[in-house]
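Me: I'd like to talk through this structure with you, starting with how the helices pack and then moving on to the ligand.

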Amino acid sequence: MKRVVLKVGSHVLTEDGDIAHDRLSALVDLIAALHKDNKEVILVSSGAVAAGYTQIRLNRSDVADKQALAAIGQPYLLKIYQTQFAHYGILSAQILLSADDFDSRKRTEHARTAVERLLSHKVVPIVNENDVVATEELVFGDNDRLSAHVAHYFDADILVILSDIDAYYDKDPHRYSDAKIRKIVTELTHEELEDECSAHGEFATGGIVTKLQAANFLMKRGGQMFLSSGFDLSDAYSFLIDGVHRGGTLFATEARH
Ligand code: ADP
């Protein structure tokens, strides 16, 4: 495993309407450890709207206000990342993408060239959806699907989703106490991919279904995805650095693992 896309959700990055600084710096520690281990990392980070909201209390349920919050919050969030990465002497860069960019071969190619160049200089590209220009028909809407595209088109070996949940279970563990972890998933059924979206909380969209769709997108193209906790990164460390699958779920077709 050489190239890793890490996706972190807004649940992990925010707490009580503020940026969760401890968790953000723990994430930066993980990325620095991956760099030390000679891995290339692309980070897909949510949290722009939440970061904007810490600065100005606009209405998060109004589309234009939300776009304004994202525009305010995005550079604010990047500044926090840059400061944290600087402790390790690591440079980071911002890449804003929209679904259109993956619709055009030429634009995907341009983005890929830029990402390759950044990675060759050991810079961490930080990707987010370009909320301000995203058109309604062509919007990823959640960074799970965006990160699957990033992993596939930018030739990553694996997508790692760091979530508020530590794995994929046979049913929603927040509702069923007897839910069991599925450690390895080799295929996903129609029902699993179309289940009701179960996102909760005002900053979250997507829920587990968009994660399964991201996994399915990659598995169909010979890729793989790992889902583990963004609150406690020990399973991600074990899997990515020690090569030991302790907790978390690996989605990969049988040929891969
Ligand atoms: P994030 O903010 O990290 O993107 P979400 O909160 O949107 O994550 O989605 C994860 C949530 O999906 C979990 O907290 C859980 O309540 C819910 N969920 C529903 N079904 C399952 C399942 N089978 N396995 C794991 N989580 C599930």
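**Helix packing and the ligand**

Reply: Happy to, with the caution that this is a predicted model. A good place to begin is helix 7 (residues 143–153) and helix 9 (residues 207–220), which pack at an angle of about 15° with their axes 8 Å apart.

Me: How is helix 7 oriented to helix 9, roughly parallel or oblique?

Reply: Angles under 35 degrees count as roughly parallel, and that makes helix 7 roughly parallel to helix 9. The crossing of these two helices, 7 and 9, is right-handed.

Me: Which residues make that contact between helix 7 and helix 9?

Reply: From helix 7 the contact takes in Asp144, Arg145, Ala148, His149, Ala151, His152 and Tyr153, while helix 9 contributes Gly207, Thr210, Lys211, Gln213, Ala214, Phe217 and Leu218. Sorted by class, the contact of helix 7 with helix 9 has 6 nonpolar, 5 polar and 3 charged residues.

Me: Switching to the ligand, which residues come nearest?

Reply: There are 18 residues around the ligand, and of these His11, Ser163, Tyr169, His174 and Lys211 come nearest. Lys211 also belongs to the contact of helix 7 with helix 9, on the helix 9 side.

Me: What does Lys211 do with an oxygen atom of the ligand?

Reply: A polar side-chain atom of Lys211 lies 2.8 Å from a ligand oxygen atom. Ser163 also has a side-chain N or O atom placed 2.9 Å from an oxygen atom of the ligand, whereas Gly207 uses a backbone N or O atom, which lies 3.0 Å from an oxygen atom of the ligand.

Me: Back to helices, then: at what angle do helix 2 and helix 4 cross?

Reply: The axes of helix 2 (residues 21–36) and helix 4 (residues 63–86) come within 10 Å and cross at roughly 50°, and that makes helix 2 oblique to helix 4. The crossing of helix 2 and helix 4 is right-handed.

Me: And what sort of residues meet there, in the contact of helix 2 with helix 4?

Reply: Helix 2 brings His21, Leu24, Ser25, Leu27, Val28 and Ile31, and helix 4 brings Leu77, Ile80, Tyr81, Gln84 and Phe85. By class, the contact of helix 2 with helix 4 has 8 nonpolar, 3 polar and no charged residues.

Me: How does helix 2 pack with helix 10?

Reply: Helix 2 and helix 10 (residues 234–242) pack at about 10°, with axes 11 Å apart, and they are therefore roughly parallel to each other. Ala26, Asp29, Leu30, Ala33 and Leu34 of helix 2 meet Ala236, Tyr237, Leu240 and Ile241 of helix 10, a contact that divides into 8 nonpolar, no polar and 1 charged residues.

Technical notes:
Residues numbered from 1 in each chain as written. Predicted model: local features only at pLDDT ≥ 70, side-chain atom pairs only at ≥ 80, totals over all residues. Heavy atoms only, no water. Axes fitted to C-alpha atoms, helices over the stretch in contact; angles between N-to-C directions. Helix = DSSP H or I, 4+ residues; strand = E, 2+ residues; numbered from the N terminus. Parallel < 35°, antiparallel > 145°, perpendicular 65-115°, else oblique. Left-handed = near helix turned anticlockwise from the far one by under 90°. Contact = heavy atoms within 4.5 Å. Nonpolar A, V, L, I, M, F, W, Y, C, P; charged D, E, K, R; others polar. Near = heavy atom within 4 Å. Polar contact = N/O pair within 3.5 Å; in protein donor to acceptor, adjacent residues only side chain to side chain.
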